[in-house]
Amino acid sequence: MPNIRIPTPLRTYTNGDTDITVKGNTVGEALHDLTNQHVELKQHLYNEDGKLRAFVNIFLDGDDVRNLNGENTALNPESSLRIVPSVAGGCMYKHTLNMNGNQ
Amino acid sequence: MSIAVNPPPAEDVQLSNDEIIRYSRHLIMPEVTLSGQRKLKDAKVLCVGTGGLGSPVALYLAAAGVGNIGMVDYDIVEANNLQRQIIHGTSTIGQLKVESAKNRLLDINPHINITVHNNLFTSQNALELAEPYDLIIDGTDNFPTRYLVNDVCVLQNKPNVYGSIFRFEGQVSVFWAEHGPCYRCLFPEPPPPGLVPSCAEGGVLGILPGTIGTMQATEAIKLIVGIGEPLIGKLLLYDALAMSVDTVRLKKSPDCVICSSQPTITELIDYEQFCGMPLHDQTDEEGAGEEWDITVSQLNDKFKEGAPIRLIDVREDFEWDIVHLPQAELIPMGDLPGRLSEFDTTDEHVIMCRTGGRSAQMLQLLVSAGITKVKNLKGGIRAWATEIDTELPIY
Ligand SMILES: [Zn+2]
């Protein structure tokens, strides 16, 4: 099954797991499965409209999925995805809380 | 394919006998030789930031004989910098970073020229500052300056040797619009400010900027000498805990607002407005608004009066172990949303953290949950340790 590499700052939301095996035939399905397994990740990856956040980069086997078929890009069982965060030297986006308090 | 930033230097750029001795380990390498060393001597490199990343970059560029190094920084050396900013030392605490760095570099190599700019790098001065340089090293610590450095490089057609770090992970690339993607192709927009914690609160493994900075310096030297394969169109991802290095491929974005064929950005913009945050990390600790603030002396007075105040410290337990106030109770910010039922809306609350940034966020959360009798301790435990109880450690 495909695998997703989680960057350090988001590991808080995966119980520290660095590599997560997911189900799905496309990048979008794999990410949905990831956020189903780790619900807290959802708000970090998707905006309120359910779209992938613009500063979240997803790479499939070394290629930016925006240069492939986006979330519709097909996966095979050996696919390796990784989330590449936008980092600014000591800083990194990190949505620690939903400000409305309803997690 | 190797790419060189500059044409071969003019005939009058030659090495003295002292320099030949100094650089002999370069001169005997077929990839460098005298001609490469002359290119290094002729090169002009601007390091934006002389902090964690800028330190190793500047040290190695100076040692390697890069003849003209410019440094931009507005900051002063503090003790808590020394865990990673190895260009500075205990003896230079309190000095301007650019002065401290200049003296260290000239001690390593007196044969080079150092130009210091004790300024913030801003839209107003960036183009003029960068103009004389061949190559820019992005060693900054915040999003607005990263977008500024990128745009300056695209507008002036210069390579941007990019490095960025967070805790145990780092990224390195060479963004050069003429030959590949720019920073905006990869990160078209910054994360919204609400999703960015302060740098001071993010933490970083001290040796990580050493690893990433030396990779940046390596890329700079390759570009100057014109050898090897530069990290153009590639992003290197380093994970110190796993000791893994991966490279992903980047492409120029056809929609890039600055480096595509139809750019909508043709001059520098207001980067603070674009990112919704300042060009430096010092006021990341945005308060909740003055009306919500309580100063450390006001809180101290209230304690002296015996006012019934519930003081909530939202830092992490390992920070609590470093220092905490006896009146405080610990509810780490990650736990707070699940513990709202422990709050009584009729109680007076004061929320505190290290410097007042996280507590301001938590205050907003409490207020939105109907707990409105809350104040934010301005300056956090740092202010308390500075103004009220100077026996306490500051971290
Ligand atoms: Zn671009």
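Which residues of helix H15 (residues 380–387) of chain B are buried? In this predicted model, the buried positions of that helix are B:Gly380, B:Ile381, B:Ala383, B:Trp384 and B:Ala385. Their cover includes helix H12 (296–305) together with E12 and E13 of chain B. In general, an α-helix has 3.6 residues a turn, so residues three or four places apart point the same way.

Strands E12 and E13 also belong to an open sheet of 5 strands in chain B, which has the order E9-E13-E12-E10-E11 and parallel pairing. The sheet is bounded by strand E9 (293–294) and strand E11 (328–330) of chain B, edge strands that each pair on one side only. Towards one of these edges, strand E10 (residues 309–313) of chain B pairs with E11(B) in the parallel sense, over 3 bridges. Within this pairing, B:Ile312 has B:Glu329 of E11(B) as its bridge partner. Helix H14 (residues 357–368) of chain B packs on the sheet, where it touches strand E12 (348–352) and strand E13 (374–377) of chain B. The direction of H14 makes about 175° with that of E13(B). Strands E12 and E13 of chain B are thus touched by H14 and are also among the elements that cover the buried residues of H15(B).

Chain B also provides the ligands of a zinc ion, which is coordinated by the SG atoms of B:Cys182, B:Cys185, B:Cys256 and B:Cys259 at 2.2 to 2.3 Å. The angles among the 4 donor atoms are 95 to 120°, and the site is tetrahedral. For comparison, the ideal angle at a metal with four tetrahedral donors is 109.5 degrees. Along the sequence, the donor residues follow the spacing C-x2-C-x70-C-x2-C. Two of these donors were examined for accessibility. B:Cys256 has a relative accessible area of 3% and therefore counts as buried, the cut-off being under 20%. B:Cys259, with a relative accessible area of 9%, is buried because its value also falls under that cut-off.

Chain A contains 2 helices and 5 strands. From the N terminus on, its elements run β-β-α-α-β-β-β, with both helices placed between the strands of the two ends. Of the 103 residues of chain A, 58% count as buried. Among contacts in this chain between residues at least 6 apart in sequence, 48% join residues at least 24 apart. The exposed surface of chain A amounts to about 4,400 Å², of which carbon and sulfur atoms supply 44%.

Definitions and conventions: Residues are numbered from 1 along each chain as its sequence is written. Chains are lettered from A and ligands numbered from 1 in the order in which they are written. This is a predicted model: local features need pLDDT of at least 70, side-chain atom pairs count only at pLDDT 80 or more; totals for chains, interfaces and linings use all residues. Side-chain values use heavy atoms; hydrogens and water are left out. Helices (H or I, at least four residues) and strands (E, at least two) are DSSP runs, numbered from the N terminus. Buried means under 20% relative accessible area, exposed over 50%, partly exposed in between (1.4 Å probe, protein chains only). Contact means heavy atoms within 4.5 Å. Accessible areas come from the Shrake-Rupley method with a 1.4 Å probe; for residues, only the protein chains shown count as cover. Two strands pair if DSSP finds at least two bridges between them. Axes are lines fitted to C-alpha atoms, for helices over the stretch in contact, and angles run from 0 to 180 degrees between N-to-C directions. Donors are N, O and S atoms within 2.8 Å of the metal (3.2 Å for Na, K and Ca); water is not among the atoms, so sites may look incomplete. Four donors count as tetrahedral if all angles lie between 85 and 135 degrees; four count as square planar and six as octahedral if opposite donors are over 155 degrees apart and all others between 65 and 115; anything else is irregular.
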